[in-house]
Amino acid sequence: MADTQQVDPKAERKAARLAKQISSFSKAHGGAEGQVAHIGERGARIVLVGEDGGWGDLVAPSTEIARQAVEKAGITVHESFDGEFAAKVRTGPYEWKRMAGIQLGG
């Protein structure tokens, strides 16, 4: 009996769309690295950090789709968001104001 794997066309399309967005981010930021984190029923978060320190994130409906997307985009994927990877993130005035507002109850 042949070993056949079911392919969900909707999941494939979603992974392809995410991969396109990841590739666009990577191109705009001189390259990119990422990390996939499970966020419960919502799915998975793909955190992206560009070579220039710019960052962003995307949400995938599942961890599997997120992993397919980063694989298709061809970026380096880290197991966790710490150490040298986290140090690459560059924050601007907006982020510092937001963080200060949270600390000050704003």
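Contact here means heavy atoms within 4.5 Å, and angles between axes run from 0 to 180 degrees between N-to-C directions. With these conventions in hand, helix α1 is found lying across β1, β2 and β3, and its direction makes about 175° with that of β3. The structure described is a predicted model, and the paragraphs below walk through its sheet, its helices and a few individual residues.

The overall layout is a convenient place to begin. The protein chain holds 4 helices and 4 strands. Read from the N terminus, these elements follow the order α-β-β-β-α-β-α-α. Of the 106 residues in the protein chain, 31% are buried. Among contacts with a separation of 6 or more, 56% join residues that are 24 or more positions apart. The protein chain exposes about 7,400 Å², and carbon and sulfur atoms supply 52% of that area.

The sheet comes next. Its 4 strands are arranged in the order β3-β2-β1-β4, forming an open sheet with mixed pairing. At the edges are β3 and β4, each of which pairs on one side only. On average, neighbouring strands of the sheet are turned by 25° against each other, direction ignored. The pairing between β2 and β3 is antiparallel and extends over 6 bridges; within β3, W55 is the bridge partner of V49. Helix α2 also packs on this sheet, where it touches β1, β2, β3 and β4, and its direction makes about 170° with that of β1.

Helix α2 deserves a closer look, residue by residue. Spanning residues 63–73, α2 has I65, A66, A69, V70 and A73 as its buried residues. These residues lie on the same side of α2, because the arc they cover around the axis is only 130°. The other side of α2 carries E64 and E71, both of which are exposed. As for the partners of the buried residues, they pack against helix α1 (9–28) as well as the strands β1 (32–38), β2 (44–50), β3 (55–60) and β4 (76–78). Just after the end of α2 comes G74, which takes a positive phi of about 75°.

In helix α1, one residue that can be followed individually is S26. The relative accessibility of S26 is 15%, so this residue counts as buried, the cut-off for that class being under 20%. When neighbours within four places in sequence are left aside, the contacts of S26 are with G31 and A32.

Finally, the aromatic side chains may be considered. A pair of aromatic rings is described by the distance of the centres and the angle of the planes. The model contains 1 aromatic pair. It is formed by F81 and F85, whose ring centres are 5.1 Å apart and whose planes stand at 80° to each other, an edge-to-face arrangement. The two partners can also be described by their accessibility. F81 has 37% relative accessibility and therefore counts as partly exposed, whereas F85, at 3% relative accessibility, counts as buried.

Notes: Residues are numbered from 1 along each chain as its sequence is written. This is a predicted model: local features need pLDDT of at least 70, side-chain atom pairs count only at pLDDT 80 or more; totals for chains, interfaces and linings use all residues. Side-chain values use heavy atoms; hydrogens and water are left out. Buried means under 20% relative accessible area, exposed over 50%, partly exposed in between (1.4 Å probe, protein chains only). Helices (H or I, at least four residues) and strands (E, at least two) are DSSP runs, numbered from the N terminus. The arc is that of the directions from the helix axis to the C-beta atoms. Two strands pair if DSSP finds at least two bridges between them. Rings of Phe, Tyr and Trp (its six-membered ring) pair if their centres lie within 6.5 Å; planes under 30 degrees apart count as stacked, over 60 as edge-to-face and the rest as tilted. Accessible areas come from the Shrake-Rupley method with a 1.4 Å probe; for residues, only the protein chains shown count as cover.
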